[in-house]
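Student: I have a model open and would like to learn how its labels are earned. Could we go through some of them together?

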Amino acid sequence: MSVTIYLPKDAAALALGADEVAAELTRLARMAGRDLNLVRTGSRGLFWLEPMIEVATPAGRIAYGPVEASDVEGLVAAGLFEGGAHPLRLGPPAAIPFLARQTRLTFARTGIVDPASVEDYRAHGGWAGLERALELGPEGIVEEVVQSGLRGRGGAGFPTGVKWRTVAAAKAPQKYIVCNADEGDSGTYADRMIMEGDPFVLIEGMVIAGIAVGATRGYVYLRSEYPHAAAAFALALDEARRAGFLGARIGGSAHDFDIELRMGAGAYVCGEETALLDSIEGKRGQVRAKPPLPAHQGLFGRPTVINNVISLASVPFILAEGAAVYRDFGMGRSRGTMPIQLAGNIRFGGLYETAFGVTLGELVDEIGGGTASGRPVRAVQVGGPLGAYFPRALFDTPFDYEAFTAAGGLIGHGGVVVFDDTVDLRAQARFAMEFCAIESCGKCTPCRIGSTRGVEVIDRIGAGDPKQITLLRDLCETMKFGSLCALGGFAPYPVLSALDHFPEDFGVGAAGSAAAAE
Amino acid sequence: MTRYDSWTPEKGALIIGDMAAEGRTALLPILHEIQAGFGHVPAEAVPMIAEALNLTRADVHGVVSFYHDFRETPVAPRVLKLCRAEACQAAGADQVARRVAERTGLACGETSADGALAVEAVYCLGLCATAPSAMLEGPGVEGGRRLGARLGGPRLERLIDEAVR
């Protein structure tokens with residue numbers, strides 16, 4: 001009798017022993033005389049439960065987790081193959097509160113489908129966006145994406161449809177779609193999960209983008225720290241090509257489109273779109289001055305759409321279900337859903353896709369369950385190494401581009417990193433400057449010199465010289481307004497937010513750091 | 001295979017030859033392949049690449065030295081990369097680094113006296129919800145690379161065991 005078990009091959013599940021669990025399952029199924037169909041999926045994103053296995057039963061999938069290799073024997077004895085009772089039994093995954101409360105549009109299939117199977121992707125609604133895109137034609141696609149209100153999920157939040165419209169209108173013998181998969185922000189892993197768990201949705205999004213703007217070539221620039229994502233995506237590219245979703249005359253249409261996977265080489269700044277383009281061209285990953293915008297002169301000097309993984313992966317849903325369905329989620333000018341990534345010292349760490357508008361406090365305290373250490377939450381950094389540190393006092397801030405800007409922060413790529421009360425915010429501010437100094441591309445002075453000076457000034461504050469705080473604020477001002485890109489320009493966010501909200505860590509009274517520095 | 005291949009101009013030429021037709025855009029893919037084969041980008045490879053892609057040696061050197069991944073000297077066959085980015089910091093990355101130092105004698109950025117193991121800092125492996133994390137890699141590692149997350153206790157000890165093996 002055969003049994004089907006789904007087990008993630010997501011990097012986080014692997015890091016927690018998923019392959020060892022797979023080996024045990026295979027061994028024990030053989031001993032029990034069962035024909036095991038082991039499907040390696042992506043992760044549902046409930047990482048405190050990984051490795052989480054799911055067994056197909058007549059009543060649907062039943063989840064168990066977190067499962068270690070040493071648990072498998074007991075699980076099998078308890079009737080795992082039939083969905084039997086066991087302390088690790090979680091029941092139907094969709095009923096787990098963390099998952100049940102989400103609105104999964106972009107991540108609807110992640111953790112469910114076989115990421116290596118074009119057909120499984122189709123069976124779960126894949127390629128429907130592309131079908132509708134082919135019916136609509138280029139102008140119709142662009143209009144649909146504009147109407148959806150989708151903004152770039154990589155951090156800057158620029159309207160995706162407007163970018164596409166610009167490239168579509170440009171006249172050139174060759175145009176490009178570039179996917180920024182250089183997800184380097186600590187606390188973010190949504191791109192990795194898509195590329196490992198549902199890579200065809202990214203491929204489909206890029207193909208649709210190509211048809212929309214008249215581009216026949218696409219590049220995915222992936223960071224080298226993600227070897228498992230690279231392997232999973234390379235396999236998906238081969239499968240898509242074999243099935244006719246990449247290459248000449250896609251789906252029998254007049255459109256040609258193909259994608260090449262390019263690996264970065266450990267430079268954080270290449271997550272900045274123009275540095276990324278230089279890197280693909282074979283140069284040092286240095287930031288370009290804008291204008292010209294990449295939409296006019298991008299890769300190899302040609303009009304280029306450059307979007308983040310999640311932006312492109314959101315497109316198939318928008319095309320398949322219609323712009324209005326997507327736009328109806330969210331608040332203000334932040335439409336649709338955002339895959340928020342709960343990370344760091346957090347009890348229920350994982351991917352939480354929801355409409356914009358949920359508050360930071362709900363995310364950290366209710367959904368995330370507070371810290372993993374059990375100590376009080378003291379600070380939360382949102383938006384990666386260049387994002388602000390939020391104190392509890394700002395936990396009512398809704399997840400929305402404008403609301404975060406107003407609170408002196410940014411939502412960036414949606415990473416939420418929780419720290420308990422043992423955190424030293426001066427050390428974190430120093431780290432932000434140090435990181436900027438290591439990763440600066442060196443092209444502009446405020447970033448290159450300013451970050452090194454920032455480390456020195458913070459050290460002097462630490463040595464007991466609060467007068468240096470005025471200097472630090474001046475320096476941050478210079479970096480913010482004088483830097484060529486977000487690396488130098490946003491490094492002041494973690495530094496100033498740490499200083500403003502946690503002055504006691506800088507040896508200044510809570511009465512106000514500015515006053516104390518006089 | 002427990003060691004990287006040793007460099008010869010002939011082997012380098014084979015790698016470069018396959019990709020040179022694409023021009024300068026092939027530079028990073030060529031460097032990646034050379035490093036994957038030999039564990040570093042040998043100085044002798046630079047003029048060969050420059051000529052094949054019609055670039056100056058200085059230009060190629062500038063690219064090699066810009067990216068953290070590319071090394072100009074041979075790297076240890078096993079590299080233990082400890083994530084030191086914020087999510088891992090919040091979850092105890094410093095304790096992991098201390099434990100690694102206790103058992104290997106190596107701080108981030110150091111290589112063992114016998115040249116077999118290097119410990120390095122890495123900034124984000126995308127395992128931020130299961131922090132702290134690390135990646136052990138190299139031709140001396142079973143399967144090429146091994147990830148570790150929620151490090152501490154037996155899982156960390158096993159990863160270090162494999163690193164010092």
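Student: How many salt bridges are there between chain B and chain A?

Tutor: The count is three salt bridges. Keep in mind that this is a predicted model.

Student: What makes the meeting of E22(B) and R262(A) a salt bridge?

Tutor: Their side chains come to 3.7 Å, N to O. The cut-off is 4 Å between a side-chain nitrogen of Lys or Arg and a carboxyl oxygen of Asp or Glu, so the pair E22(B) and R262(A), at 3.7 Å, qualifies. Polar contacts are counted as well: 25 residue pairs between chain B and chain A, both at pLDDT 80 or more. On chain B, the side touching chain A gets at least two residues from each of several elements, including helix 2 (27–38) and strand 5 (145–148).

Student: Which classes of residue make up that side of chain B?

Tutor: It has 21 nonpolar, nine polar and nine charged residues. The two chains bury about 3,600 Å² between them, with 57% of it on carbon and sulfur atoms. In chain B, F66(B), E86(B) and Y123(B) lose the most area to chain A.

Student: Why is I203(A) called a core residue?

Tutor: A nonpolar core joins buried residues of types such as Ile through side-chain atoms within 4.5 Å. I203(A) belongs to the largest such core, of 157 residues, so its relative accessible area is under 20%. Helix 9 (residues 199–213) of chain A gives this core its largest share, eleven residues. Beyond its sequence neighbours within four places, I203(A) is in contact with residues including F233(A), L237(A) and I259(A).

Note on methods: Residues numbered from 1 in each chain as written. Chains lettered and ligands numbered in written order. Predicted model: local features only at pLDDT ≥ 70, side-chain atom pairs only at ≥ 80, totals over all residues. Heavy atoms only, no water. Buried area = accessible area lost by both parts, 1.4 Å probe. Polar contact = N/O pair within 3.5 Å; in protein donor to acceptor, adjacent residues only side chain to side chain. Helix = DSSP H or I, 4+ residues; strand = E, 2+ residues; numbered from the N terminus. Nonpolar A, V, L, I, M, F, W, Y, C, P; charged D, E, K, R; others polar. Buried < 20%, exposed > 50% of the residue type's maximum accessible area, 1.4 Å probe, protein only. Contact = heavy atoms within 4.5 Å.
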